[in-house]
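Q: Hi! I would like to learn how to read the empty spaces in a protein model and the place where a ligand sits. Could you walk me through them?

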Amino acid sequence: MNNNTFIHKYIKPLIGKTDTVVDMTAGNGNDTLFLAGLAGKVIAFDISQEALRRSKEKTKDFDNIEFHHASHGDVDLYVKKDEASLFIFNLGYLPGSDEKTFTQKDESLKAFRKAYGLLRKKGYIIITFYLRQIGGYDEYYLLDDFIKKNKLQILEAYHQDKMDSPITYIIYKSQSSTDE
Ligand SMILES: C[S@@+](CC[C@H](N)C(=O)[O-])C[C@H]1O[C@@H](n2cnc3c(N)ncnc32)[C@H](O)[C@@H]1O
């Protein structure tokens with residue numbers, strides 16, 4: 001099972017029509033489309049106009065998506081505290097593009113920290129790291145270190161049994177957690 005199949009299977013029972021969820025990397029719109037079918041509202045970000053064009057085209061039958069041409073590092077300008085019950089990050093570059101626009105580790109960390117702070121208690125962050133891509137390992141080590149140092153609760157760490165294959169963390173913000 002690839003990481004995206006794992007993620008979609010995992011989150012399907014977690015989201016309902018009263019939930020607002022956030023796609024931090026819209027890309028080709030596959031996650032945005034999946035989330036739009038489950039949630040009441042989806043807020044989606046990408047810094048690539050081409051990614052937003054593709055995502056909007058893919059989700060044109062839905063009217064519950066708010067797209068932002070903005071960096072996920074500025075998520076707090078668009079999402080209110082406790083508004084969202086799930087954030088998803090699919091890091092790396094836009095598949096089928098020139099691969100020049102890809103996530104940058106410091107911006108990804110900034111976005112992750114803000115997302116965790118904004119996330120509702122009993123909410124989830126799903127994050128996938130692509131180790132093989134440029135800067136992939138550095139991005140993974142930086143965020144993994146932050147997650148472990150702050151003792152965030154990792155419910156699942158999914159990784160296919162192949163060298164350098166992507167890693168997905170399912171992170172849970174429990175009722176008793178602090179905002180880090
Ligand atoms: C692997 S793709 C996402 C795939 C997508 N989730 C899907 O289902 O098709 C990563 C995306 O992150 C975007 N990205 C890179 N840096 C970003 C940033 N600072 N803020 C928001 N999106 C960013 C890229 O433009 C690219 O489209």
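**Cavity, pocket and ligand**

A: Gladly! Let's start with the largest cavity, which is lined by Leu91, Gly92, Phe102, Thr103, Tyr130, Gln133, Ile134, Gly135, Gly136 and Glu139. Keep in mind that this is a predicted model.

Q: How is empty space found, and how many cavities of 30 Å³ or more does the count give?

A: The general idea is that rolling a probe the size of a water molecule over the atoms shows where empty space is left. Here the count comes to one cavity of 30 Å³ or more. The volume of the largest cavity is about 40 Å³. Its lining divides into four nonpolar residues, five polar and one charged.

Q: What about pockets: what volume does the largest pocket have?

A: A cavity is closed to the probe, while a pocket is an open set of points. The largest pocket has a volume of about 560 Å³. It is lined by 31 residues, and those closest to its centre are Thr25, Gly27, Asn90, Gly92 and Tyr93.

Q: Which helices and strands each supply at least two residues of that lining?

A: They are α1 (3–11), α2 (30–36), β2 (41–46) and α4 (105–118). Sorted by class, the lining of the largest pocket has 11 nonpolar, 17 polar and three charged residues.

Q: Where does the ligand sit?

A: The ligand sits in the largest pocket. Around the ligand there are 24 residues, and the closest are Thr25, Asn28, Asp31, Asp46 and His72. This shell is made up of nine nonpolar, 12 polar and three charged residues.

Q: Which atoms of Thr25, His72 and Asp46 should I look at beside the ligand?

A: Look for pairs of N or O atoms within 3.5 Å. For Asp46, a polar side-chain atom lies 2.7 Å from an oxygen atom of the ligand. For Thr25, a backbone N or O atom is 2.9 Å from a ligand nitrogen atom. For His72, a backbone N or O atom is 3.0 Å from a nitrogen atom of the ligand.

Q: How much of the ligand does the protein bury?

A: Taken alone, the ligand exposes 610 Å², and the protein buries 96% of that.

Notes
Residues numbered from 1 in each chain as written. Predicted model: local features only at pLDDT ≥ 70, side-chain atom pairs only at ≥ 80, totals over all residues. Heavy atoms only, no water. Near = heavy atom within 4 Å. Polar contact = N/O pair within 3.5 Å; in protein donor to acceptor, adjacent residues only side chain to side chain. Areas by Shrake-Rupley, 256 points an atom, 1.4 Å probe, with all protein chains shown as cover. 1 Å grid on protein atoms, 1.4 Å probe; cavity = no way out; pocket = protein on both sides within 12 Å on 5 of 7 lines; lining within 4 Å. Sits in = over half its atoms within 2 Å of the grid points. Nonpolar A, V, L, I, M, F, W, Y, C, P; charged D, E, K, R; others polar. Points joined across faces, edges and corners; volume = space filled by probe spheres on them. Helix = DSSP H or I, 4+ residues; strand = E, 2+ residues; numbered from the N terminus.
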